[in-house]
Structures are given as C-alpha cells and as structure tokens.
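This report describes the surroundings of a bound ligand and then turns to a single residue elsewhere in the chain.

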Amino acid sequence: MSVIPESNVDVLIVGAGPAGLMMATWMAKCGINARIVDKRGTKIFNGQADGLQCRTLEILDSLGFGHRAWREANHMLEICLWNPDENGIIKRSDRIPDTIPGISRFQQVVLHQGRIERFFLDSIAEASEIRVERGVMPSSLKIDESVVEDDAAYPITVTLRHLTEEEATPKQNSTSANGQSVQDGLFRSNLAKDDTQDLLDASKINAKAHSEEVIHAKYMIGADGAHSWTRNQIGLKLEGDSTDYIWGVLDIVPITDFPDIRMRCAIHSADCGSIMVIPRENKLVRLYIQLTTTQKNGDNSGRADRSKINPQMILESAQRILAPYKITYRKLDWWTAYQIGQRVGTSFSVHERVFLAGDAVHTHSPKAGQGMNVSMQDSFNLGWKIASVVKGHAHRSILKTYQSERRRIAQDLIAFDHKFSRLFSGRPAKDVMDAEGISMEEFKAAFEKGNMFASGIAVNYGASAIVAKEGSSAEQGDGTDVSVANAKHRVISDQSFCSGITVGMRIPSHKVLSQADARPWHLHEVLPSNGRWRVIVFAGNTNEDRQREKLWKLSEVFSAPDSFLNLYTPKGARYDEVFEVLLIHNAPRQSVTVLDFPEVFRPYDEFDGWDYNKIFVDEVSYHEGFGNIYGALGIPQDGAIVIVRPDQYVSYVGSMEKPAAVNSFFAGFMKEQHASDEAQTNGTKP
Ligand code: FAD
C-alpha cells in the first residue's frame, strides 16, 4: 500500500481566480510559506470580468504591476445614456464622466480577466517560489478545534487530489462564428451546474490521477468561486435571492452605425430591453444584453435553459434594442450568459482559520463591473493580516476585522447591485403616470451616485483595533468583536486634525518631493504593498522653532527603548521590517538637508549608510507641478501624525504633540518581540 505524503504549510489557498491570486501575491511579497491550488488546468484566456475600478488600479500599482494594466487597458472616460424619445426611438439623453474627476490618479478601465491573472502570476513568480498548482483540488477538510487559538498549531488538515490534464480542462461548448471556433464562458457561468463533485468522482476512478497528499495548514483561504467547495465543507451559506433577469454577454468587434460604440453606454429601449456597451481593448466591444426570450429550465433549479442561448440569439436581442441603428460582427471573441442572483455569506470564516473570499462569499450581477474588483479587494484586506500573524508580528485578534470590514462591503455591494439591476433591467417609464416603468432621471441619479461606490474609493472601514476612531464593535452590524485586545490601549483619532483624511478610508495620494534628490513621487508610490505599517509625520515648517522642537521630542519618543519601533520590530530584523517612519515637511526644500532631521527618519545601516528615502517635502517640482499635499489633505501648520495600514487605509490621525499615542495604538494588537534597550540604528556613523 502506498504511503500518502504529508506536509505542513502556513497558508493554503484554494482557487487561483482573482481573489486567490491576490492572496498568493501578498504571501509572496511577505515571504510566507504558502501553496495555491486550482482544479483547472489553465488560467482563463479571454472573457469573464473586465472592469477595473480606480481603487483596484491603485492596489495593483502598489503591488508593482498597475502600469501593465493601465497601459494595456481601454480607458473609459465618458458614459452616454440612451433612452427612448417621445416616438419610442432611442436617442442620447445624457453624457456623464465615467470616473468622478479628481478622486484618484487612475480612472476606470477595462481589460479582460485573463490578463489580470497573468500579471498576478508574473508578480508571484518574481517575488517567491510559489506557483499555482493546477489540476489539484481538495477532497477533504478537517479542523482541529482544540488548537485553533494556538499560534504554533496547524489545525487544518486537507487532502489534495491531483487530476489528469483531461479532467482539469473544462469542456467547452463548441461555438463557431464565421468559421472560427470560439470559447464561451458558460462552463463558469451560474447557468452551468457545478462540476466539482464530478471531477472528484472522475479522479477516483482514473488510475493515472489517483495520487493524493495530506496538507496540514495554519490558515486556509477558500477563493474557489461562486460554487465554493470550501464554503460547503465549513457549513457556511450564501443568503439572498435570484431574480429572473437573464443576461447574455458578447465580446465582439462590432460593425455598426451606432455613433457611441467606443463610449460606455447604458441603453434602454422602449420595449425590447436594455444593453450596456463596454468598449474594450483591441477594438473589442462587450455587450451586456438583457434577454427577454429565454426559456426557463424544466428542472425546478430556477436556472435558465442554457441550451437555448447562443451568440446569434444574443445578437438578435441586441439588434432589436439598438434599432434603428444596425449592429453585426465578423469577429466573436467570447460569449456567455448568466442569471442575476444577489447573495452574501452569513459568515466569512470559521475560527479565523478558514476564510472565504471573492465570489465564494458574494455573488451579484457582473454588469456593474464589481465582482473581480471586490473579490481582489477581499483578499487584499486579508492577506497582510494573515502574513503579520503568521510572522508573529500581530495577535490573531486582528483577523476578526476581515469579516467586520469586508462583510459590510459585500452587503453594500448587494444593495447597490439590487438597485442598479432593477433600474437597468426595467422598462423605461413612458411618462410620469407610468408607475411600472423606470424613471430615467432616477436611473441617471443612481448611476451618478453609484459612480462613487463603484470606484472603490468610498470604502470606509469601521472602528476596530486597527482603525482608531469613534465607534464600537456593535456598529460592525454583524456582532463581530473587533474591539482592542486591551481596553487600556484604546486610542481614538482626532479627525479635526486633517480635514482631507478620513480614518478608515484609504489615504488620498498627492505628489511630494524627495528631500534628498528633489524627485517627485505620488504618495502612494512610496507606500508599496509589502506588509509594512507606515507612520507618517507631517511636521509642518521645521524651520520654525515650535515645529522643530515638537519634531525632536517626537523622535525621542519614537526612538526610546519602549517605543513601538523597538518593542515590535523583531531583534536582528532590518529597521523598517515592520514599520516605516516617514516625514513630510513644508519648510523650503533648499533651506534644509536630510541630515537636519532626526535619525529616526533617516535610519542608518552599517552596509548601506543613511536611508534617503523617508523624508519628503511639499513643494513645487521642476517638471511635474505642485502636489500641495498639505492643502489637499487639510494638514494644519501644527503638523499631524497619520498611521497608515499596510493596505493604505488610515488607522489613526492625531497631534504631533502626542507621539505616545502611536505606542498605545500598536500596543493594542502587536506582539512584543524583545525588551531591548538597543537603539534601532547602530554601526559607525559618519
Ligand atoms: P473565480 O474567478 O470564479 O475563481 C475561482 C477559481 O477557483 C477558479 O479558477 C476555479 O477553477 C477554482 N476552483 C473552483 N472550485 C475549486 C475546487 N474545488 N478546487 C480547486 N479550485 C477550484 N466582474 C467584474 O468585476 N467585472 C465584470 O465586468 C465582470 N463580468 C463578468 C462576466 C461574466 C460572464 C462572469 C461569469 C463574471 C463576471 N464578473 C465580472 C465576475 C468576476 O468574473 C468574478 O466576480 C471574479 O472572477 C471572482 O473572482 P474569484 O477569484 O472570487 O472567483
């Protein structure tokens, strides 16, 4: 009898879609021992999600590959609204900006999910030995509840089964268009039955593919999509409902006389349904079309009968909605169909050991362009937290904030999608007396309001150990206890300090100049996603005695043996392994040099010398204008301290005169590494 191999891993990720790949990227960047498996033999190559919100682009940029998406994607700058006129003929009724001007340095773009997955895979390979193990899926999961609170334990035991290449390759309906064979997305769509159990059954009887292994893991992430096997194993459910709206998706190179085909358009016809037009890269256009003629399945599943849906019938629906304009194509890149269902998980984890992320915990219609974004942002929220717990930097208690922060976002998303779907899918009102019809003014207002939500910038996390603001765990809405580990460490921000910074939201980005070499940087560029906390001191004009005095006092507190820097940085680790202390002043740049500032802002390394990358100035640059970060963020001349989480969300804002508040904030959840009286900077200094 062959022996089943067993091994330990800190983090096991199931599913290599956007949510799983984001988690693997954090693990790679933070140096965590992790594995990621996917039942499919390949990543996706075309179709599926394509919208990237500006917050997602900021995140991809912080991971080092935002520029690839930004360059390759099609940029969407204007939305055109088309509605029936008094004769029932569609006409353009409005134009609005696609992304609210000024909310981010990025705007909404579209690029298909396969490319995004490619960027993740390259980034993971660059930073680590982690590789997606394809054709591998879990067949059993056990959790030893007696050790879930033990940091050193591996409470999760998973059996993995390896599939053959044939099993791991999804069967495609072969569609042909103009002689080419075209991939469809039906096998992933919610109109298709989940094939997880079929694959497991097939692999058991297939002699070549019966190899199994057992993995013991500290943490596990089920990022295995809407049919999530992990979710079923841990007994969690999705709650919500499925509507009757059935949508078809065509990715085509259109041949048309419709004038706004390269704009994002929301088109409501008088009686034939609605279309969303999404202009894509490489002359492609995606049409999201409401299908009014689809038959329901006779199997009581509530799913539409997908055998009745094909590209031709989707095109014919599009032609009816767009009439009198004409549309056809010669090149079809991809197509699919899906039924709108809006559901959210009752819980996002069990014991803060097995977590769910992405479509595994929330499903909704794709046309608001949210699914891939929110899925990636789930694991962007969770990844750094797990990494800092696995590394022994932070207490496990911070993991509770995953559910308290992300479940609320999922609920908001479902509410948004519900409203948006109703307005989008409904028939336009013929006049003010037509109560069953949708008012196009209401649709426009919802669209404009939804723009802020859809950008991802509006995310505002509630009070917790890692978000120091007024509020209690009761306000989390789901009873999750996210209070500080020890009430004596409770720190509350003074929001009045910086009118342009909201505690719980991501810090806005504006340009600053490096004090050392005058190079302009966007603030976000100096906050890359590498697992580090940032303490940013806005010191004001440090040529003024008052400000200089405060700065030196603050630096004494930060350098003291009992400071957060000394207590929570592991002995022997680089000075900024856990925290980066940054300074942004607004004294005239040429009146000072980096060496005029306290050493805590220019730490010394015996091999590298002074660190020149942590002091910045708010001043006009030679070639790229003036960021005016003090003005934009409402920083007072008295200065301020801002603590920024590893995911760029603001934890704390307070006075420069209370530097000890930073120690108290971190005492709430960080683990003491050593009680050393050594300073963080050593070596022989010049
Ligand atoms: P998925 O992308 O579903 O990835 C899950 C992964 O887990 C897959 O690779 C799968 O093979 C693997 N897996 C599943 N079960 C197992 C198992 N048992 N063992 C091992 N591996 C497993 N979103 C947008 O933001 N914008 C859009 O425009 C948009 N359009 C869409 C259009 C269509 C037609 C569809 C179907 C979806 C669209 N979405 C869109 C939604 C978007 O694709 C999803 O929200 C997103 O892919 C979710 O990411 P995920 O990583 O959570 O799940």
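## Ligand surroundings and Thr-99

In this predicted model, a backbone N or O atom of Gln-370 lies 3.4 Å from an oxygen atom of the ligand. The protein buries 93% of the 990 Å² that the ligand exposes when taken alone. Polar contacts to ligand oxygen atoms include the following.

| Residue | Protein atom | Distance to a ligand oxygen atom |
|---|---|---|
| Ala-19 | polar backbone atom | 2.9 Å |
| Gln-113 | polar side-chain atom | 3.0 Å |
| Gln-370 | backbone N or O atom | 3.4 Å |

The shell around the ligand holds 36 residues, of which Ala-19, Asp-38, Tyr-288, Asp-359 and Met-372 come nearest. By character, the shell divides into 14 nonpolar, 14 polar and 8 charged residues. At least two shell residues each are supplied by helix H1 (18-29), strand E9 (136-143), strand E17 (285-290), strand E18 (327-345) and helix H9 (371-390). H9 provides the largest share, with 4 residues.

Attention now passes to Thr-99. Thr-99 sits in the loop between strand E6 (90-97) and strand E7 (109-110). Its relative accessible area is 11%, which is under 20%, and Thr-99 is therefore classed as buried. Leaving aside residues up to four places away in sequence, Thr-99 touches Cys-54, Phe-106, Gln-107 and Gln-108. With Gln-108 there is also a polar contact: the side chain of Thr-99 reaches the backbone nitrogen of Gln-108 at 2.8 Å. Thr-99 and Ala-454, 355 residues apart in sequence, have their C-alpha atoms 8.9 Å apart in space.

Definitions and conventions: Residues are numbered from 1 along each chain as its sequence is written. This is a predicted model: local features need pLDDT of at least 70, side-chain atom pairs count only at pLDDT 80 or more; totals for chains, interfaces and linings use all residues. Side-chain values use heavy atoms; hydrogens and water are left out. A residue is near a molecule or strand if one of its heavy atoms lies within 4 Å of it. A polar contact is a pair of N or O atoms within 3.5 Å; within protein, one must be able to donate a hydrogen and the other to accept it, and residues adjacent in sequence count only if both atoms are side-chain atoms. Accessible areas come from the Shrake-Rupley method with a 1.4 Å probe; for residues, only the protein chains shown count as cover. Ala, Val, Leu, Ile, Met, Phe, Trp, Tyr, Cys and Pro count as nonpolar, Asp, Glu, Lys and Arg as charged, and the others, Gly among them, as polar. Buried means under 20% relative accessible area, exposed over 50%, partly exposed in between (1.4 Å probe, protein chains only). Contact means heavy atoms within 4.5 Å.
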